[in-house]
Amino acid sequence: MRIVTWNVNSIRAREERLAAFLKTHAPDVLCLQELKCQEHEFPQMLVQSCGYRAVLWGQKTYNGVAILAKEDPQDVTRGFNDGGDPEGEQARFIVAKVRGVRVASAYFVNGGALGSDKWDYKLKWMRRLRAWLDANVRRDEPFALCGDFNVAPEARDVHAPEKWESSVLYHPDVRKALLHVQDFGLVDTFRKHVEGNVYSWWDYRAGAFNKDQGLRIDHVYATPVLAERSLKAEVIRDERKGQGASDHAPVVVEFSD
DNA sequence: ATGGCCCGTAGAACGGGA
């Protein structure tokens with residue numbers, strides 16, 4: 001069972017690439033982030049013509065998450081439903097069950113600038129995620145937390161750690177917040193299989209991709225019972241190449257059935 | 001060379017991303 005996470009940076013701008021990706025890589029589960037569209041604008045017909053079913057939580061302009069699978073995703077829930085967003089929760093979290101595995105597609109908060117309101121919201125959102133895990137996931141069930149975490153966990157996940165330490169993606173405080181999420185009992189499955197400097201996001205500017213100046217911020221974390229089934233992991237770097245690419249590349253982790 | 005882009009919403013630049 002191949003699970004993929006991919007921040008598409010607008011689903012409508014990525015329709016051709018999405019169809020080609022589904023045909024070429026045929027994942028069993030594809031978690032998408034940053035749809036940037038409302039539910040009625042999502043390309044359901046295209047997805048179905050590729051042999052997939054999609055469940056999603058859309059939002060106008062910003063955010064938006066989806067889970068695609070070859071069969072209908074089951075037991076779908078959207079958001080934390082914890083009352084943590086008085087003005088309405090942002091579309092950043094969707095969970096569904098596919099072939100016995102519960103999968104979450106999460107779009108963590110970026111965080112703007114250090115010390116900003118968005119930064120505070122990011123850290124708070126991650127604490128809410130941990131609380132959601134505590135209340136909704138059993139440590140002995142096969143569960144995968146997939147998505148754009150907007151956090152690079154370790155120095156080897158950052159092309160220039162000393163420079164990025166003062167950014168919202170790699171600041172010590174946000175790494176600590178991620179560890180608190182992980183301490184629920186989740187394994188960074190990618191690092192079971194790949195050592196060294198491998199990235200999943202590169203800035204559009206400055207030829208960052210060609211210079212491989214990236215960060216690994218897209219992840220597939222799993223409960224131990226699922227993580228022990230992981231067989232291999234890779235970043236599909238080809239998807240970041242050429243015209244019309246998202247600034248994120250898909251991350252694939254393959255599990256035994 | 002320490003800056004370089006892309007997307008959606010606009011209906012021109014601007015907010016936002018990372």
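# Helix faces, loops and the DNA surface

Visitor: Which exposed residues does the face of helix 3 turned away from its buried side carry?
Guide: This is a predicted model, and in it helix 3 spans residues 117–136. An exposed residue here is one with 12 or fewer other C-beta atoms within 10 Å of its own. On the face of helix 3 turned away from the buried side, the residues that count as exposed are Asp117, Asp134 and Ala135.

Visitor: How many degrees around the axis of helix 3 do its buried residues cover?
Guide: The buried residues of helix 3 are Lys122, Trp125, Met126, Leu129, Trp132 and Leu133. They lie on the same side of helix 3, because the arc that they cover around the axis is only 115°.

Visitor: What span, from first C-alpha to last, does helix 3 reach?
Guide: Helix 3 has 20 residues, and at 1.5 Å a residue a span of 28 Å is expected. The span in the model is close to that expectation, for the distance from the first C-alpha of helix 3 to its last is 28 Å.

Visitor: Which helix is included in what covers the buried residues of helix 5?
Guide: Helix 5 (172–182) has Val174, Ala177, Leu178 and Val181 as its buried residues. Seen down the axis, these residues fall within an arc of 100°, so they line one face of helix 5, while Pro172, Asp173, Lys176 and Leu179 are exposed on the other side. Helix 5 is included in what covers the buried residues of helix 3, and in turn what covers the buried residues of helix 5 includes helix 3.

Visitor: Is Asn63 buried or exposed?
Guide: Asn63 lies in the loop between strand 3 (53–57) and strand 4 (65–69), and its phi is near 60°, a positive value in a residue other than glycine. Most residues other than glycine have a negative phi. A residue counts as buried if 20 or more other C-beta atoms lie within 10 Å of its own; Asn63 has 20 such atoms and is therefore buried.

Visitor: What is the phi of Asn9?
Guide: Asn9 is found in the loop between strand 1 (2–7) and helix 1 (15–25), where it is partly exposed, with 18 other C-beta atoms within 10 Å. Although Asn9 is not a glycine, its phi is positive, at about 50°.

Visitor: How far apart in space are Val8 and Val65, C-alpha to C-alpha?
Guide: Val8 is found in the loop between strand 1 and helix 1 and is buried, with 27 other C-beta atoms within 10 Å. Not counting residues up to four places away in sequence, Val8 touches Arg14, Leu18, Leu32, Glu34 and Ser246. Val8 and Val65 are 57 residues apart in sequence, and their C-alpha distance in space is 9.9 Å.

Visitor: Which residues touch the most other members of the largest nonpolar core?
Guide: The largest nonpolar core has 78 residues. Among the contacts of Ala144, not counting residues up to four places away in sequence, are Ile3, Val101, Val220 and Leu226. Within this core, the residues that touch the most other members are Val103 and Ala144.

Visitor: How many charged residues does the surface near DNA strand B have?
Guide: DNA strand B is surrounded by 24 residues, of which the closest are Ser10, Asn110, Tyr204, Arg205 and Ala206. The residues of this surface divide into seven nonpolar and nine polar, with the number of charged ones being eight.

Methods:
Residues are numbered from 1 along each chain as its sequence is written. Chains are lettered from A and ligands numbered from 1 in the order in which they are written. This is a predicted model: local features need pLDDT of at least 70, side-chain atom pairs count only at pLDDT 80 or more; totals for chains, interfaces and linings use all residues. Helices (H or I, at least four residues) and strands (E, at least two) are DSSP runs, numbered from the N terminus. The expected span of a helix is 1.5 Å times one less than its number of residues. The arc is that of the directions from the helix axis to the C-beta atoms. Two residues are in contact if their C-beta atoms, placed from the backbone, lie within 7 Å. A residue is near a molecule or strand if its C-beta atom, placed from the backbone, lies within 6 Å of it. Ala, Val, Leu, Ile, Met, Phe, Trp, Tyr, Cys and Pro count as nonpolar, Asp, Glu, Lys and Arg as charged, and the others, Gly among them, as polar. A nonpolar core is a set of buried Ala, Val, Leu, Ile, Met, Phe, Trp, Tyr and Cys residues joined through C-beta atoms within 7 Å.
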